[in-house]
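Work through the exercises below with the sequence and the 3D structure side by side. Try each task before reading its solution.

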Amino acid sequence: MAMAFPKIWYSVAVGFLLPFSYAHTDFFTSIGHMTDLINTEKDLVVSLKDYIKAEESKLEQIKKWAEKLDQLTDTATKDPEGFLGHPVNAFKLMKRLNTEWGELESLVLKDMSDGFISNMTIQRQFFPNDEDQTGAAKALLRLQDTYNLDTDTLSRGNLPGVKHKSFLTAEDCFELGKIAYTEADYYHTELWMEQALKQLDEGEVSSADKVYILDYLSYAVYQQGDLGKAMMLTKRLLELDPEHQRANGNMKYFEYIMAKEKEANKSSTDAEEQTEKETEVKKKDYLPERRKYEMLCRGEGLKMTPRRQKRLFCRYYDGNRNPRYILGPVKQEDEWDKPRIVRFLDIISDEEIETVKELAKPRLRRATISNPITGALETAHYRISKSAWLSGYESPVVSRINTRIQDLTGLDVSTAEELQVANYGVGGQYEPHFDFARANEPDAFKELGTGNRIATWLFYMSDVSAGGATVFPEVGASVWPKKGTAVFWYNLFPSGEGDYSTRHAACPVLVGNKWVSNKWLHERGQEFRRPCTLSELE
């Protein structure tokens, strides 16, 4: 019986590759860049399936060989001499053992993974790294705090406005807890380790180990001062693993501390107060501004009185009789009175938005802030986004947008900064800040030579399913993203003094993808367009 082993051709096309400019970290700071990773992963799945097909084809050939030889050897072993008495059988036995078994051995040893591994090696240089994973994890914790989400809600993916519901496994929860632990964030360590334990107790099949979870959890609880709960968790750990060295040591230490407390003979009142202090589990104390900021992000901010609301209007606006808008005025509405924040509706088209995004996307880099002391640009944990700058001469669309801003604000854009385009990442945000330079930052815009930032124009280039508001904590204003609109406010009084009520923030994006672009207009060139007044606050 002659066995033939045809060659197995296995090829993996090295498909979608991220552009070279994307081969950098900080993927988590831009959803726009993260979308390219979806294509990368899809290509790897195709490559993996090709590899599986090749392995299955190889095993199928080996299986057929085994089945035929099984039948042949069954017959031969019943009457070896009679079987080999036939000269053809004798010849084929020699041939099989001398040649065909060697070919089979080569087939078994053939590595079918070369193509897949090659593709993985090429694509790996574009993969996110540990910083990205940690950044995405911290984003979930930030969203949890800002929007008052409990771990079960977040784990089950029950978020408002989601299109593609997803959930966290016990292993995912364990990973979030570990990342919080490495940051010495024991509050979130406890929350997520408890969630992982809960899901395992409910019967979820997972590679996460209860012993490891309880080890982290008991320590996190102890670090927050709840000795009784830490002992209870450690006892549960020892029930699962009686020989656990660290748990046994911790148990002895906890018992020693408990004994010392009993010997202290504290009064019952003092003991109760101390217990309350020890068992109180709470997040770090936030500044009042932080609390206001988070409330505004949740839509729980101050409500404007009916009297003030009556002063807010919507109107058709022609840019103070600007020739371009006399016959076709734009829709404008008041968002807030002090500081005056106005919104322009249908002010940028979908086509213009797509052009701006396409121009910006290849240049997106981690957004920076200006160091108030050195003036140098640097990244900051409180600004999670990527940005790019577009000049008017690059595209007629950008030039047209700049002209539109000038016509509607009445301010000279020739001294303004370039159009900044920003895309926010996972839980993307920009915590409370001023756009203008304060008195203690005289050199903030010295290199530009155009004075301070007199005003801000902000385009919303996408709708956001949940979160992502622009909030003003000083006055309690919340402005929600709406695609195709723009908001405008003055950062300086006509006197040139800064308006501190314009301190604002971009709330974390809970669900969705937030694209904005903004234009910072400067003082130079506005001397006759917005003349000074005699009062500092006018």
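**Exercise 1. Find how many disulfides the chain has, and describe what is linked.**

Solution. Taking a disulfide to be a pair of cysteine sulfur atoms within 2.5 Å, the count comes to 1 disulfide. The two partners are cysteine 297 and cysteine 507, whose sulfur atoms lie 2.0 Å apart. The next step is the turn about the S-S bond, which is -85° and makes the link of cysteine 297 and cysteine 507 left-handed. Helices and strands here are DSSP runs, helices being H or I with at least four residues and strands E with at least two, numbered from the N terminus. Cysteine 297 belongs to helix 13 (residues 288–297), while cysteine 507 sits in the loop between strand 15 (504–506) and strand 16 (509–511), so the disulfide ties together parts that are 210 residues apart in sequence. Finally, both cysteine 297 and cysteine 507 are buried, where buried means under 20% relative accessible area, exposed over 50%, and partly exposed in between, with a 1.4 Å probe and protein chains only.

This is a predicted model, in which local features need pLDDT of at least 70 and side-chain atom pairs count only at pLDDT 80 or more, whereas totals for chains, interfaces and linings use all residues. Residues are numbered from 1 along each chain as its sequence is written, and side-chain values use heavy atoms, with hydrogens and water left out.

**Exercise 2. Decide whether cysteine 173 is buried or exposed, and do likewise for cysteine 314.**

Solution. Cysteine 173 has a relative accessible area of 0% and is therefore buried. Cysteine 314, with a relative accessible area of 64%, is exposed.

**Exercise 3. Give the order of the strands in the open sheet, and state which strands stand at its edges.**

Solution. Begin with the whole chain, whose secondary structure comes to 16 helices and 17 strands. Two strands count as paired if DSSP finds at least two bridges between them, and 9 strands form an open, antiparallel sheet in the order 1-2-3-14-10-17-8-7-4. Strand 1 and strand 4 (365–366) are at the edges, because each has a single partner strand and is left with one side lacking a neighbour in the sheet. Strands of a sheet pair through backbone hydrogen bonds, in either a parallel or an antiparallel way. For one pair in detail, take strand 10 (residues 453–460) and strand 14 (residues 485–490), which are antiparallel over 6 bridges; alanine 455 has tyrosine 490 of strand 14 as its bridge partner. To finish, look at helix 1 (residues 31–78), which lies across strand 7 (385–390), strand 8 (419–424) and strand 17 (515–522) and runs at about 55° to strand 8.

**Exercise 4. Describe how helix 7 and helix 9 cross, and list the residues that make the contact.**

Solution. The axes, which are lines fitted to C-alpha atoms over the stretch in contact, with angles from 0 to 180 degrees between N-to-C directions, come within 11 Å for helix 7 and helix 9 (residues 210–223) and cross at roughly 35°. With contact meaning heavy atoms within 4.5 Å, helix 7 contributes Phe174, Lys178 and Tyr181, and helix 9 contributes Tyr212, Ile213, Tyr216 and Tyr219.

**Exercise 5. Locate the unusual backbone angles of proline 339, alanine 184 and arginine 321.**

Solution. The peptide bond from lysine 338 to proline 339 is cis, with omega near -5°, and proline 339 lies in the loop between strand 2 (330–336) and strand 3 (341–345). Alanine 184, although not glycine, has a positive phi near 60°, and is placed in the loop between helix 7 (170–182) and helix 8 (186–201); at 46% relative accessibility, alanine 184 is partly exposed. Arginine 321, also not a glycine, has a positive phi of about 65° and belongs to the loop between strand 1 (314–317) and strand 2, where arginine 321 is exposed with a relative accessible area of 57%.

**Exercise 6. State which residues serine 395 is in contact with, leaving aside its neighbours within four places in sequence.**

Solution. Serine 395 is in the loop between strand 7 and helix 16 (396–409), and a relative accessible area of 9% makes serine 395 buried. With those neighbours left aside, serine 395 is in contact with Thr355 and Leu359. Leucine 359 is 36 residues away from serine 395 in sequence and 8.7 Å away in space, C-alpha to C-alpha.
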